[in-house]
Every structure is written in C-alpha cells, then in structure tokens.
Amino acid sequence: MKKTFNITGTCYPEDHYLMDNTRQLQAVRALIEGGNYFTINRPRQYGKTTTFYFLLEELSQTEAYFPIALNFQGIDRRFHQSDTVFGQMFLEELSNSIEKTNPDLAAFLNQKNTIKSLNDVSEIVEALIEKTQKKIVLLIDEVDASSEYAAFINFLGMLRRKYLNRKRRPTFHSIVLAGVHDIKNLKYKLRNPDNAQYNSPWNIAVDFEVDMSFQPQEIVPMLEEYSKIEEVKMDASTIAQRLYYHTSGYPFLVSKLCKNIAEKILPNKPKSQEQKWTLADIEASVQLLLKENNTNFDSLIGNIENHKDLQDLVYRIILNGDTIPFNQYNPTIYKGILYGIFKRNGRIRIHNRIYEQLLYDYLASKIWTTDQGTLNYSGAFLKEDRSLDMEAVLRKFQAFMKEQRSQKDLKFLEREWRLVFLAFLKPILNGQGHDFKEVETSEEKRLDVVVTYLQFKYILELKLWRGAKAHTKGLNQLATYLDIHGINKGYLLIFDTRKKVTFDAKPITHQGKEIYMVWV
C-alpha cells in the first residue's frame, strides 16, 4: 500500500509518513518508568492517540511491563448510571483489550461478572496484578467522553486510594489518561461546572509538561522518507523550517500542508517541470488550507464562538497587539491554552501563524454580518499590467470611512476599524489574491499586512495615530520591513482618533523607500 500523509486517527509507520517522535516518547516513557500517574491533555489532532499506539508497542516488547490500552470514546451513557455499572464496563473493557495477547487473564476477568461496588473492582485489579507478576501500565484514551459523569469521578477516587496505599497493596504501576482536558481540573468539563471542585480525585497526577509539537529537525526525517520513496526532490531542512514557521509544529497542520502539496499541488504541475517541492509550494498549500473546512478549524472556531471572553482576548491579541502576560490561574487564558489557541512564552500568543490568519480572517468576515452597515464601494482597482492599484484602494476606503464617520457610531469605528478594512479588502482581492498578517503587533499598535495579488506583493502597515514621534518611528519600522521583503514601496493606513481629521493622502520618501500614506 502506498504511504500517505495522515491527518485523521492513528498514524502507523507502515502506512504513513511520520515525523520523528523519539523525543516525545522518551519523555513519556520516563514518566511511566517513574511510576507516575498523569494526563496527556492536548488539543484535538495533536498526536495523543498515535503516541498511545507507539507506547503500547514499546511496552509490549518489554519484559517488565504489561500494558493495557482502553478507549472511552463512544462509551454508552448507560455505563455511567452507577458506580457498579461503570465498574463492570471497565472490567469488560480490560478483558477485551487483552483477549488476544493473554486469553487466560481475559478469561479470569470474564469470570468476575458480578460486582457490588468499586471496592470489588479494586480487589479484582489486585488479583490481576498478582497473576501477571508484572508492572501493569493502564492507558486510557479519550477520557473526555467520561469525565463529566459522577461514576467516572468515583472511579478515579478508587484509583487514587489505591495509589496512596500502593506500598501495602498492589495497584497499577502507572496510569496514563489522554484527552483535551486536564483531569486534575474538571471545572471546564463537568455538566454543572459551577459546582465543580478544582481539586479532583486525580490530584495525585504529575503535571504533563512534554512538548508534543514537532521541531524542524523532527519534521526532516518525514520529508526525507517521502522524497526517497516518491523520487521527489526537495531541500528537506529548508522545507521543514518553513513548515514550522507557519505551524509552530502542530502535528495536524504540518501533515495537512504536506498532504496538500503531495496530493493537490504537485500533480497539477506541468509534467515537463522537475518533480520538486519548493517554498512557493508551502505558501500555496497554506492558502489552500485556509480556504477549506475541516474538523480542526471547526473546533477552533467553535471554541471561539462558545466562549465570548476567549473571543475578546483573541481580538485584543490579534488586532490590538495587546501584550497579555501568561497566568495559569486565569480561566480565559487557561481555556485558550486548553483548546490550542494560545501558546505561552512569558506572554500569551496565538499558537501558530495559520491559526492567527484564520482567526483574523474570521473576525473580519463577521463585519459583513453586523448591523453596522454594508461596505459599499465601486470602481476598478486594476492597472493595465493586472497589478492592484493599492493607492486607489486606500483612497476608496478613506472615502468610505469619511462617510461612515458622519453616519455611524464613532466608538464602533475606533474599535473595529482594522477589521472593517480587512473586510473591505476581501471582495477586491476576489480570490485572485490573499492578505495575511506577517509580523506581530507591537506596543505602537501597528498591524503589518502583506497582500499578494497574482504575482504582485504589497506591504501595508495599519496604525493608530499616536503623535508625531510615534509616527516617525512607525515610518522607520515600515522602511525596515520593506527592506526585508526587498520591496521599494509600502503603504501606511493611519486611523486618526483626533476630533479634526485631515483625511489626507500623500506619497513621501523615507529612508530610500516610497511610502503612500492615507489618514482615515
């Protein structure tokens, strides 16, 4: 069977091109060998199930360990009706998981078909451990499916009691749970979160601090294997660096970008061209990804929509450039980390550039569905060479904003002007171009936007008026940024909050760069 880049379910070495997960597995294995109980809590499609598969394979080949893998996904709700029903289900799942590898132990568990309490389950577990004479490692995937039920919480309490008494009575050597939520803190999962306690029965678990994302050097082996098997040329190191630049090593996003190139972009290249991956292919793959619907993006947008406080914080970071220090006890920040929207590095940031682009496109599109009016404009913005007349675009936006100032709530414009501009720009690009945020916003409230239209590129800086000194500093930064991109002309869009706005538009030369400035 031909190998592919996999973006759904478990990744298998014989079927899929895989990144090097040696570092992650060694870190998790060290926690297991130390006899720790812990939860691999990471967002959806972050490689948790694949990690479980590799752990099960490794531990099965080790004489000292007896791994048992369960999956709570799809567990019938009736199993959560009482402790005894849940306990019976747990024993049945244990039996099913070891039936092929150890039928005698499975038969032993099947004999225990009547239990009256979780204490009975505890005693059966002890007997199971005595029979194996090995260190039993229990791996339970998709625990989110059960973590909102009291029976599961009581089950964790039984495991906690056994753990605390482990020096006198046999119990599992290590237990590894996997899910989106950290089971030590069930407040965001329980059916009635207002009544939830921060200290759950799983407070015996150690913190899971393993970085499950993939660094560029861990992406390279996957690319090299693909290149060799498919006889496709590429500079694997350079390609890996660019993949990481866009994804920050998020497993789903890395694999998806590669899958797009292998299955959509490369087959459509002229056969006369050399079969080769280029950096331009990465950029094309990013744009393909941003146009599609997938479960990963659906989950991301759903979490933004379901948590207004999270949406507001995302807005502040992406559009306003606010610097928010990380605090693990802040519930809004915690949710952002939990759902993979944020990453932390002293302060919170959007996890990766693809998410950042997706979210600010999404926020911009919502302007069209507000009751703040329709973004009406007319006129052609193309030059004879098919390039975009960006000066004309900005002047038209200036006219639009001048009209809105006399008709609409100024507070709305002050708050949403960046999104209004991005929404204004979308239909002009009309599928022939793209706009994306290239660099971080700063304390000067800048937003640098790169617009591509066909083969043309335009650098725009969106900035609030903060006085002449800040204006000069912004011009210096824009000139430097233009130099980095090897472009001689840039555009500065200034939102002026002063009562008397000039609505000026003029070109200037600054540090050898031509800059067209427009005030709105």
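1. Let me start inside the sheet: Val137 has Ser174 of strand E4 as its bridge partner. From E3 the chain passes through helix H6, residues 150–164, on its way to E4, and this β-α-β crossover is right-handed. The two strands, E3 and E4 (residues 174–179), run parallel and are joined by 4 bridges. Please keep in mind while reading that this is a predicted model.

2. On to the other partner of E3. Strand E2, residues 65–71, pairs with E3 in the parallel sense, and 7 bridges connect them. If you would like residues to click on, Ile68 stands opposite Leu138 in E3, and Asn71 stands opposite Asp141, also in E3.

3. E4 has a further pairing that you may want to display. Strand E1 (37–41) and E4 pair over 5 bridges, again in the parallel sense. Here Asn41 is the residue that stands opposite Gly179 of E4.

4. How covered are these strands? E4 has 6 of its 6 residues buried, so the rest of the structure largely encloses it. E3, which spans residues 135–141, is mostly covered, with 6 of its 7 residues buried. For E2 the count is 5 of 7 residues buried, so this strand too is largely enclosed by the rest of the structure.

5. A closer look at the side chains of E4 is worthwhile. In a regular strand, side chains alternate between the two faces of the sheet. In E4, Ser174, Val176 and Ala178 point one way, while Ile175, Leu177 and Gly179 point the other way. Residues on both sides of E4 are buried, all of those just named included.

6. Which residue of helix H1 might you pair with E4 in a distance check? Ile32 is found in H1, residues 22–33, and its C-alpha is 8.0 Å from that of Val176. In sequence, Ile32 and Val176 are 144 residues apart. Ile32 counts as buried because its relative accessibility is 0%, under the 20% cut-off.

7. Now for a pocket. The second largest pocket holds about 640 Å³ of space, and 30 residues line it. Gly9, Gln45, Tyr46, Gly47 and Thr50 are the lining residues that lie nearest its centre. Helix H2 (48–60) and helix H9 (251–265) are the elements that give two or more residues to this lining. The most comes from H2, which gives 5 residues.

8. What is the make-up by class of the lining of the second largest pocket? There are 12 nonpolar, 14 polar and 4 charged residues in that lining.

9. Gln45, one of the residues nearest the centre of the second largest pocket, deserves a point to itself. Gln45 sits in the loop between E1 and H2. The phi angle of Gln45 is near 60 degrees, which is a positive value in a residue other than glycine. With a relative accessible area of 24%, Gln45 is classed as partly exposed, because that value falls between the 20% and 50% cut-offs. Gln45 and Thr10 are 35 residues apart in sequence, with 9.6 Å between their C-alpha atoms.

10. Another glutamine is worth setting beside Gln45. Gln511 also has a positive phi in a residue other than glycine, near 50 degrees. The place of Gln511 is the loop between strand E11 (505–510) and strand E12 (513–519). Is Gln511 buried or exposed? Gln511 is exposed, because its relative accessible area of 52% is over the 50% cut-off.

11. Finally, the cysteines. A disulfide is a covalent bond between the sulfur atoms of two cysteines. The structure holds 0 disulfides. Cys11 counts as buried because its relative accessibility of 15% is under 20%. Cys258 counts as buried as well, with a relative accessibility of 0%.

Conventions
Residues numbered from 1 in each chain as written. Predicted model: local features only at pLDDT ≥ 70, side-chain atom pairs only at ≥ 80, totals over all residues. Heavy atoms only, no water. 1 Å grid on protein atoms, 1.4 Å probe; cavity = no way out; pocket = protein on both sides within 12 Å on 5 of 7 lines; lining within 4 Å. Points joined across faces, edges and corners; volume = space filled by probe spheres on them. Nonpolar A, V, L, I, M, F, W, Y, C, P; charged D, E, K, R; others polar. Disulfide = S-S within 2.5 Å. Buried < 20%, exposed > 50% of the residue type's maximum accessible area, 1.4 Å probe, protein only. Pairing = 2+ DSSP bridges. Right-handed = clockwise from strand over helix to strand, strands pointing away.
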